[in-house]
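User: I would like to go through the labels used for this model and see what each one rests on. Please set the values against the criteria.

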Number of protein chains: 2
Amino acid sequence: MEFKDAKNKFIQTWGALGSQWGINKTMAQIHALLMVSHEAVSMEDIMEELQISRGNASMNLRALMDWGIVYKEYKAGERREFFTAEKDLDELAVKISRERSKREIKPALKVLKEVSSITSDNTPEEKHFVDQTTKLYDFVLKADNVLDKMTEYKDNWLAKLVVKIMK
Amino acid sequence: MEFKDAKNKFIQTWGALGSQWGINKTMAQIHALLMVSHEAVSMEDIMEELQISRGNASMNLRALMDWGIVYKEYKAGERREFFTAEKDLDELAVKISRERSKREIKPALKVLKEVSSITSDNTPEEKHFVDQTTKLYDFVLKADNVLDKMTEYKDNWLAKLVVKIMK
DNA sequence: ATAAACTTTCATTTTTTATTGAAAGTTCAA
DNA sequence: TTGAACTTTCAATAAAAAATGAAAGTTTAT
(Lines give C-alpha, C1' and ligand atoms only; values in the text may rest on other atoms or scores of the structure.)
Protein backbone atom coordinates (compact mmCIF):
# COMPACT_ATOMS: atom_id res chain seq x y z
CA MET A 1 0.00 0.00 0.00
CA GLU A 2 1.10 3.54 -0.77
CA PHE A 3 1.72 5.97 2.04
CA LYS A 4 -0.98 8.27 0.71
CA ASP A 5 -3.52 5.44 0.63
CA ALA A 6 -2.54 4.25 4.07
CA LYS A 7 -2.91 7.72 5.51
CA ASN A 8 -6.28 8.09 3.88
CA LYS A 9 -7.49 4.73 5.06
CA PHE A 10 -6.40 5.53 8.58
CA ILE A 11 -8.26 8.85 8.55
CA GLN A 12 -11.42 7.26 7.16
CA THR A 13 -11.35 4.42 9.66
CA TRP A 14 -10.75 6.71 12.58
CA GLY A 15 -13.64 8.88 11.42
CA ALA A 16 -15.99 5.91 11.20
CA LEU A 17 -14.92 4.68 14.60
CA GLY A 18 -15.59 8.12 16.01
CA SER A 19 -19.17 8.09 14.71
CA GLN A 20 -19.80 4.77 16.36
CA TRP A 21 -18.73 6.27 19.63
CA GLY A 22 -20.76 9.42 19.39
CA ILE A 23 -18.02 11.71 18.12
CA ASN A 24 -18.69 13.45 14.90
CA LYS A 25 -16.93 12.11 11.87
CA THR A 26 -15.10 15.24 10.83
CA MET A 27 -13.87 15.85 14.34
CA ALA A 28 -12.42 12.37 14.50
CA GLN A 29 -10.90 12.76 11.03
CA ILE A 30 -9.21 16.02 11.87
CA HIS A 31 -7.82 14.41 14.98
CA ALA A 32 -6.59 11.45 12.97
CA LEU A 33 -4.93 13.71 10.44
CA LEU A 34 -3.14 15.69 13.12
CA MET A 35 -2.11 12.54 14.97
CA VAL A 36 -0.14 11.24 12.04
CA SER A 37 1.23 14.56 10.84
CA HIS A 38 4.82 15.04 11.85
CA GLU A 39 4.38 18.77 12.07
CA ALA A 40 1.64 21.26 12.80
CA VAL A 41 -0.96 21.75 10.06
CA SER A 42 -2.72 24.93 9.01
CA MET A 43 -6.47 25.21 8.74
CA GLU A 44 -6.11 25.68 5.02
CA ASP A 45 -4.29 22.37 4.70
CA ILE A 46 -6.83 20.56 6.86
CA MET A 47 -9.64 21.86 4.64
CA GLU A 48 -7.75 20.81 1.58
CA GLU A 49 -6.80 17.36 2.79
CA LEU A 50 -10.23 16.43 4.18
CA GLN A 51 -12.21 18.35 1.57
CA ILE A 52 -14.25 20.27 4.10
CA SER A 53 -15.35 23.88 4.38
CA ARG A 54 -13.71 26.58 6.43
CA GLY A 55 -16.61 26.75 8.89
CA ASN A 56 -16.60 23.04 9.44
CA ALA A 57 -12.87 22.99 10.04
CA SER A 58 -13.05 25.93 12.40
CA MET A 59 -15.89 24.50 14.49
CA ASN A 60 -14.41 21.06 14.84
CA LEU A 61 -10.96 22.38 15.65
CA ARG A 62 -12.54 24.48 18.34
CA ALA A 63 -14.32 21.40 19.70
CA LEU A 64 -11.09 19.41 19.70
CA MET A 65 -9.36 22.19 21.58
CA ASP A 66 -12.22 22.27 24.10
CA TRP A 67 -11.58 18.59 24.64
CA GLY A 68 -7.96 19.46 25.25
CA ILE A 69 -6.61 17.06 22.66
CA VAL A 70 -5.60 19.51 19.95
CA TYR A 71 -3.42 22.56 20.41
CA LYS A 72 -2.82 25.76 18.51
CA GLU A 73 0.71 26.53 17.56
CA TYR A 74 2.21 29.71 16.33
CA LYS A 75 5.11 29.80 13.94
CA ALA A 76 7.54 32.67 13.97
CA GLY A 77 6.88 35.06 11.13
CA GLU A 78 3.58 33.36 10.19
CA ARG A 79 0.28 35.06 10.63
CA ARG A 80 -1.86 31.99 10.49
CA GLU A 81 -2.33 29.39 13.13
CA PHE A 82 -1.20 25.82 13.04
CA PHE A 83 -2.65 22.85 14.85
CA THR A 84 -1.18 19.75 16.48
CA ALA A 85 -2.83 16.82 18.23
CA GLU A 86 -1.95 15.34 21.55
CA LYS A 87 0.16 12.43 20.40
CA ASP A 88 0.85 10.75 23.71
CA LEU A 89 -1.76 8.03 23.81
CA ASP A 90 -1.89 7.70 27.59
CA GLU A 91 -2.46 11.41 27.87
CA LEU A 92 -5.07 11.23 25.12
CA ALA A 93 -6.97 8.46 26.88
CA VAL A 94 -6.88 10.39 30.13
CA LYS A 95 -8.26 13.54 28.56
CA ILE A 96 -11.02 11.74 26.72
CA SER A 97 -12.05 9.84 29.86
CA ARG A 98 -12.15 13.01 31.90
CA GLU A 99 -14.21 14.89 29.39
CA ARG A 100 -16.74 12.13 28.88
CA SER A 101 -17.04 11.66 32.58
CA LYS A 102 -17.69 15.33 33.10
CA ARG A 103 -20.06 15.76 30.20
CA GLU A 104 -22.01 12.52 30.32
CA ILE A 105 -21.43 10.31 33.32
CA LYS A 106 -21.69 12.95 36.01
CA PRO A 107 -25.05 14.29 34.76
CA ALA A 108 -26.34 10.73 34.39
CA LEU A 109 -25.34 9.98 37.98
CA LYS A 110 -27.24 13.02 39.15
CA VAL A 111 -30.40 11.78 37.49
CA LEU A 112 -29.89 8.23 38.77
CA LYS A 113 -29.57 9.49 42.31
CA GLU A 114 -32.66 11.59 41.89
CA VAL A 115 -34.93 8.93 40.45
CA SER A 116 -33.75 6.24 42.84
CA SER A 117 -34.73 8.45 45.74
CA ILE A 118 -38.47 8.57 45.19
CA THR A 119 -40.48 7.69 48.23
CA SER A 120 -41.84 4.37 47.16
CA ASP A 121 -45.40 3.25 47.84
CA ASN A 122 -43.84 -0.16 48.00
CA THR A 123 -45.83 -1.73 45.26
CA PRO A 124 -43.63 -4.50 43.81
CA GLU A 125 -43.28 -2.37 40.71
CA GLU A 126 -41.97 0.64 42.58
CA LYS A 127 -39.74 -1.44 44.80
CA HIS A 128 -38.15 -2.99 41.77
CA PHE A 129 -37.62 0.40 40.17
CA VAL A 130 -35.91 1.82 43.24
CA ASP A 131 -33.84 -1.29 43.66
CA GLN A 132 -32.68 -1.39 40.05
CA THR A 133 -31.87 2.30 39.72
CA THR A 134 -29.98 2.21 43.02
CA LYS A 135 -27.88 -0.67 41.78
CA LEU A 136 -27.28 1.19 38.56
CA TYR A 137 -26.21 4.28 40.44
CA ASP A 138 -23.70 2.28 42.48
CA PHE A 139 -22.38 0.56 39.40
CA VAL A 140 -21.92 3.69 37.35
CA LEU A 141 -20.37 5.52 40.28
CA LYS A 142 -17.88 2.73 40.77
CA ALA A 143 -17.02 2.60 37.08
CA ASP A 144 -16.56 6.35 37.02
CA ASN A 145 -14.25 6.14 40.01
CA VAL A 146 -12.15 3.52 38.30
CA LEU A 147 -11.74 5.84 35.35
CA ASP A 148 -10.86 8.63 37.68
CA LYS A 149 -8.25 6.57 39.48
CA MET A 150 -6.77 5.42 36.23
CA THR A 151 -6.19 8.98 35.17
CA GLU A 152 -4.06 9.46 38.26
CA TYR A 153 -1.58 6.92 37.02
CA LYS A 154 -1.38 9.01 33.89
CA ASP A 155 1.78 7.51 32.49
CA ASN A 156 1.37 4.02 31.39
CA TRP A 157 -1.66 3.21 33.51
CA LEU A 158 -2.74 0.79 30.89
CA ALA A 159 0.43 -1.28 31.01
CA LYS A 160 0.34 -1.33 34.78
CA LEU A 161 -3.30 -2.30 34.72
CA VAL A 162 -2.61 -5.12 32.33
CA VAL A 163 0.09 -6.46 34.59
CA LYS A 164 -2.17 -6.34 37.61
CA ILE A 165 -5.23 -7.77 36.04
CA MET A 166 -3.53 -10.51 34.12
CA LYS A 167 -1.34 -11.71 36.94
CA MET B 1 -41.19 12.95 42.57
CA GLU B 2 -43.90 10.60 41.41
CA PHE B 3 -42.97 7.07 40.40
CA LYS B 4 -44.33 7.68 36.94
CA ASP B 5 -42.21 10.78 36.48
CA ALA B 6 -39.13 9.10 37.86
CA LYS B 7 -39.55 6.19 35.50
CA ASN B 8 -40.01 8.53 32.60
CA LYS B 9 -37.02 10.63 33.52
CA PHE B 10 -34.89 7.53 33.81
CA ILE B 11 -35.96 6.30 30.37
CA GLN B 12 -35.33 9.68 28.77
CA THR B 13 -31.93 10.05 30.39
CA TRP B 14 -30.86 6.57 29.42
CA GLY B 15 -31.98 7.25 25.86
CA ALA B 16 -29.98 10.48 25.68
CA LEU B 17 -26.93 8.79 27.12
CA GLY B 18 -27.28 6.06 24.54
CA SER B 19 -27.20 8.57 21.68
CA GLN B 20 -24.04 10.11 23.04
CA TRP B 21 -22.44 6.69 22.95
CA GLY B 22 -23.54 5.77 19.48
CA ILE B 23 -26.52 3.65 20.44
CA ASN B 24 -29.79 4.71 18.99
CA LYS B 25 -32.15 6.48 21.31
CA THR B 26 -35.09 4.13 21.03
CA MET B 27 -32.89 1.10 21.56
CA ALA B 28 -31.55 2.59 24.76
CA GLN B 29 -35.02 3.59 25.88
CA ILE B 30 -36.47 0.15 25.34
CA HIS B 31 -33.59 -1.28 27.30
CA ALA B 32 -34.15 1.22 30.09
CA LEU B 33 -37.84 0.41 30.21
CA LEU B 34 -37.19 -3.31 30.43
CA MET B 35 -34.47 -2.85 33.04
CA VAL B 36 -36.84 -1.25 35.49
CA SER B 37 -39.87 -3.39 34.73
CA HIS B 38 -40.43 -6.06 37.32
CA GLU B 39 -41.96 -8.38 34.80
CA ALA B 40 -41.69 -9.10 31.09
CA VAL B 41 -43.35 -6.55 28.79
CA SER B 42 -45.20 -7.16 25.53
CA MET B 43 -44.37 -5.35 22.34
CA GLU B 44 -47.74 -3.68 22.47
CA ASP B 45 -46.95 -2.20 25.87
CA ILE B 46 -43.51 -1.04 24.80
CA MET B 47 -45.05 0.75 21.82
CA GLU B 48 -47.64 2.32 24.06
CA GLU B 49 -45.27 3.42 26.79
CA LEU B 50 -42.60 4.86 24.50
CA GLN B 51 -45.03 6.08 21.84
CA ILE B 52 -43.26 4.35 19.01
CA SER B 53 -44.39 2.40 16.00
CA ARG B 54 -44.57 -1.34 15.70
CA GLY B 55 -41.76 -1.47 13.18
CA ASN B 56 -39.48 0.60 15.32
CA ALA B 57 -40.17 -1.52 18.37
CA SER B 58 -39.62 -4.71 16.43
CA MET B 59 -36.33 -3.63 14.91
CA ASN B 60 -34.85 -2.32 18.10
CA LEU B 61 -35.93 -5.34 20.11
CA ARG B 62 -34.26 -7.48 17.51
CA ALA B 63 -31.09 -5.41 17.81
CA LEU B 64 -31.14 -5.68 21.59
CA MET B 65 -31.53 -9.44 21.33
CA ASP B 66 -28.61 -9.55 18.88
CA TRP B 67 -26.56 -7.78 21.51
CA GLY B 68 -27.65 -10.48 23.93
CA ILE B 69 -29.00 -8.05 26.50
CA VAL B 70 -32.73 -8.58 25.98
CA TYR B 71 -34.56 -11.90 25.99
CA LYS B 72 -37.84 -13.17 24.67
CA GLU B 73 -40.09 -14.81 27.15
CA TYR B 74 -43.15 -16.93 26.58
CA LYS B 75 -46.05 -17.01 28.96
CA ALA B 76 -48.21 -20.09 29.30
CA GLY B 77 -51.46 -19.70 27.45
CA GLU B 78 -50.36 -16.46 25.79
CA ARG B 79 -49.79 -16.20 22.12
CA ARG B 80 -47.72 -13.05 22.12
CA GLU B 81 -44.14 -12.66 23.15
CA PHE B 82 -42.83 -10.81 26.14
CA PHE B 83 -39.45 -9.22 26.62
CA THR B 84 -37.07 -8.86 29.56
CA ALA B 85 -33.70 -7.19 29.89
CA GLU B 86 -30.54 -8.58 31.33
CA LYS B 87 -30.69 -7.03 34.77
CA ASP B 88 -27.38 -8.21 36.19
CA LEU B 89 -25.16 -5.23 35.62
CA ASP B 90 -21.88 -7.15 35.55
CA GLU B 91 -23.30 -9.43 32.94
CA LEU B 92 -24.64 -6.45 31.03
CA ALA B 93 -21.24 -4.75 31.02
CA VAL B 94 -19.57 -7.93 29.85
CA LYS B 95 -21.97 -8.38 26.96
CA ILE B 96 -21.73 -4.79 25.83
CA SER B 97 -17.92 -4.89 25.96
CA ARG B 98 -17.78 -8.09 23.98
CA GLU B 99 -20.10 -6.82 21.30
CA ARG B 100 -18.37 -3.49 20.88
CA SER B 101 -15.03 -5.20 20.76
CA LYS B 102 -16.22 -7.57 18.08
CA ARG B 103 -18.02 -4.97 16.00
CA GLU B 104 -15.74 -1.99 16.30
CA ILE B 105 -12.38 -2.58 17.92
CA LYS B 106 -11.38 -5.74 16.07
CA PRO B 107 -12.04 -4.24 12.62
CA ALA B 108 -10.18 -1.09 13.63
CA LEU B 109 -7.20 -3.17 14.75
CA LYS B 110 -7.14 -4.88 11.42
CA VAL B 111 -6.89 -1.56 9.62
CA LEU B 112 -4.28 -0.25 12.02
CA LYS B 113 -2.11 -3.25 11.45
CA GLU B 114 -2.52 -2.88 7.72
CA VAL B 115 -1.69 0.81 7.48
CA SER B 116 1.22 0.59 9.92
CA SER B 117 2.82 -2.06 7.73
CA ILE B 118 3.47 0.02 4.64
CA THR B 119 6.99 -0.17 3.42
CA SER B 120 8.19 3.27 4.27
CA ASP B 121 10.42 5.37 2.04
CA ASN B 122 11.74 6.74 5.27
CA THR B 123 10.85 10.32 4.63
CA PRO B 124 10.35 11.90 8.07
CA GLU B 125 6.66 12.11 7.26
CA GLU B 126 6.32 8.42 6.52
CA LYS B 127 8.45 7.41 9.45
CA HIS B 128 6.23 9.39 11.76
CA PHE B 129 3.10 7.85 10.27
CA VAL B 130 4.37 4.31 10.72
CA ASP B 131 5.59 5.07 14.21
CA GLN B 132 2.34 6.65 15.32
CA THR B 133 0.01 4.04 13.86
CA THR B 134 2.15 1.28 15.32
CA LYS B 135 1.87 2.83 18.76
CA LEU B 136 -1.84 3.19 18.27
CA TYR B 137 -2.13 -0.44 17.27
CA ASP B 138 -0.30 -1.54 20.40
CA PHE B 139 -2.36 0.72 22.58
CA VAL B 140 -5.73 -0.36 21.22
CA LEU B 141 -4.71 -4.01 21.29
CA LYS B 142 -3.71 -3.71 24.93
CA ALA B 143 -6.93 -1.92 25.84
CA ASP B 144 -8.95 -4.54 24.04
CA ASN B 145 -7.14 -7.29 25.91
CA VAL B 146 -7.90 -5.64 29.21
CA LEU B 147 -11.57 -5.63 28.31
CA ASP B 148 -11.33 -9.23 27.31
CA LYS B 149 -9.66 -10.26 30.54
CA MET B 150 -12.21 -8.38 32.54
CA THR B 151 -15.00 -10.33 30.98
CA GLU B 152 -13.38 -13.49 32.27
CA TYR B 153 -13.92 -12.36 35.82
CA LYS B 154 -17.56 -12.02 34.89
CA ASP B 155 -18.95 -11.74 38.40
CA ASN B 156 -17.98 -8.63 40.16
CA TRP B 157 -14.97 -7.87 38.05
CA LEU B 158 -15.55 -4.25 38.69
CA ALA B 159 -15.38 -4.55 42.46
CA LYS B 160 -12.26 -6.66 42.24
CA LEU B 161 -10.72 -4.23 39.83
CA VAL B 162 -11.45 -1.34 42.13
CA VAL B 163 -9.77 -3.13 45.00
CA LYS B 164 -6.71 -3.86 42.92
CA ILE B 165 -6.34 -0.51 41.34
CA MET B 166 -7.02 1.53 44.42
CA LYS B 167 -4.86 -0.44 46.77
C1' DA C 1 -55.47 -26.55 5.26
C1' DT C 2 -57.20 -22.37 7.05
C1' DA C 3 -57.48 -18.22 9.33
C1' DA C 4 -56.70 -15.53 13.33
C1' DA C 5 -53.12 -13.52 15.96
C1' DC C 6 -49.28 -11.99 15.97
C1' DT C 7 -44.19 -10.29 14.14
C1' DT C 8 -40.99 -8.66 10.66
C1' DT C 9 -39.57 -6.17 6.67
C1' DC C 10 -38.51 -2.33 3.95
C1' DA C 11 -39.70 1.71 0.83
C1' DT C 12 -41.04 6.09 2.18
C1' DT C 13 -41.11 9.96 5.31
C1' DT C 14 -39.57 12.41 9.24
C1' DT C 15 -36.24 13.90 12.38
C1' DT C 16 -31.80 14.80 13.71
C1' DT C 17 -27.22 15.99 12.92
C1' DA C 18 -23.52 17.90 10.26
C1' DT C 19 -21.90 21.00 6.69
C1' DT C 20 -21.62 25.00 3.98
C1' DG C 21 -20.32 29.60 2.89
C1' DA C 22 -21.10 34.35 3.16
C1' DA C 23 -20.96 37.89 6.47
C1' DA C 24 -19.13 39.50 10.75
C1' DG C 25 -15.33 39.53 13.71
C1' DT C 26 -10.43 39.76 15.02
C1' DT C 27 -5.61 40.74 14.81
C1' DC C 28 -1.61 42.79 13.29
C1' DA C 29 1.66 45.48 10.52
C1' DA C 30 2.47 49.72 8.70
C1' DT D 1 -6.60 53.75 12.05
C1' DT D 2 -6.77 51.39 8.12
C1' DG D 3 -6.91 47.34 5.55
C1' DA D 4 -5.05 42.87 4.52
C1' DA D 5 -4.98 38.36 6.33
C1' DC D 6 -6.84 35.57 8.68
C1' DT D 7 -10.80 33.08 11.94
C1' DT D 8 -15.44 32.51 13.76
C1' DT D 9 -20.35 32.54 13.61
C1' DC D 10 -24.75 31.09 12.25
C1' DA D 11 -28.84 30.82 9.17
C1' DA D 12 -29.64 28.00 5.39
C1' DT D 13 -28.92 23.56 3.21
C1' DA D 14 -27.52 18.92 2.77
C1' DA D 15 -26.62 14.45 4.44
C1' DA D 16 -27.34 10.79 7.52
C1' DA D 17 -29.96 8.26 10.69
C1' DA D 18 -34.15 6.80 12.63
C1' DA D 19 -39.13 6.03 12.50
C1' DT D 20 -43.37 4.93 10.26
C1' DG D 21 -46.87 1.82 8.70
C1' DA D 22 -48.78 -1.06 5.34
C1' DA D 23 -47.81 -5.33 3.26
C1' DA D 24 -45.63 -9.72 3.71
C1' DG D 25 -44.37 -13.31 6.63
C1' DT D 26 -44.86 -16.63 10.48
C1' DT D 27 -46.97 -19.40 13.94
C1' DT D 28 -50.50 -21.92 16.11
C1' DA D 29 -55.13 -23.70 17.23
C1' DT D 30 -58.67 -25.94 15.20
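User: What makes A:Ser58 a polar contact of DNA strand D?

Analyst: In this predicted model, an N or O atom in the side chain of A:Ser58 lies 3.1 Å from a phosphate oxygen of DNA strand D. A polar contact is a pair of N or O atoms within 3.5 Å, so the pair qualifies.

User: Which atoms of B:Thr26 and B:Ser53 face the phosphates of DNA strand D?

Analyst: For B:Thr26, an N or O atom in the side chain is 2.3 Å from a phosphate oxygen of the strand. For B:Ser53, a backbone N or O atom is 2.7 Å from a phosphate oxygen. The elements giving two or more residues to the surface near DNA strand D are α4 of chain A and α4 of chain B. α4(A) gives the most, with four residues.

User: What is the make-up of the surface near DNA strand D?

Analyst: Its residues divide into three nonpolar, nine polar and six charged. The strand is surrounded by 18 residues, and the closest are A:Ser58, B:Thr26, B:Ser53, B:Asn56 and B:Arg79. Sugar and phosphate make up 60% of the strand D atoms that come within 4 Å of the protein.

User: What makes B:Ser58 a polar contact of DNA strand C?

Analyst: A polar side-chain atom of B:Ser58 is 3.1 Å from a phosphate oxygen of DNA strand C. The cut-off is 3.5 Å, so this pair counts. A:Thr26 has a side-chain N or O atom 2.4 Å from a phosphate oxygen of strand C, and A:Ser53 has a polar backbone atom at 2.7 Å from one. Near DNA strand C, α4(B) gives the most to the surface, with four residues.

User: Why is the relation between chains A and B called a two-fold axis?

Analyst: Chain B is superposed on chain A by a rotation of 180 degrees with 0.0 Å of shift along the axis, at an RMSD of 0.0 Å. That is the relation of a two-fold axis. The same surface serves both copies, as 100% of the contact residues of chain B recur in chain A.

User: How do you know that the length of α1 of chain A agrees with that of a helix?

Analyst: Helix α1 (residues 3-20) of chain A has 18 residues, which at 1.5 Å a residue should span 26 Å. Its end C-alpha atoms are 26 Å apart, so the two agree.

User: Which residues of α1(A) are called buried?

Analyst: Among them are A:Phe3, A:Phe10, A:Ile11, A:Trp14 and A:Leu17. Buried means under 20% relative accessible area. Just after α1(A), A:Gly22 has a positive phi of about 80 degrees.

Definitions and conventions: Residues are numbered from 1 along each chain as its sequence is written. Chains are lettered from A and ligands numbered from 1 in the order in which they are written. This is a predicted model: local features need pLDDT of at least 70, side-chain atom pairs count only at pLDDT 80 or more; totals for chains, interfaces and linings use all residues. Side-chain values use heavy atoms; hydrogens and water are left out. Copies are superposed by least squares on the C-alpha atoms of residues with pLDDT of at least 70 in both. Contact means heavy atoms within 4.5 Å. A polar contact is a pair of N or O atoms within 3.5 Å; within protein, one must be able to donate a hydrogen and the other to accept it, and residues adjacent in sequence count only if both atoms are side-chain atoms. The expected span of a helix is 1.5 Å times one less than its number of residues. Buried means under 20% relative accessible area, exposed over 50%, partly exposed in between (1.4 Å probe, protein chains only). A residue is near a molecule or strand if one of its heavy atoms lies within 4 Å of it. Ala, Val, Leu, Ile, Met, Phe, Trp, Tyr, Cys and Pro count as nonpolar, Asp, Glu, Lys and Arg as charged, and the others, Gly among them, as polar.
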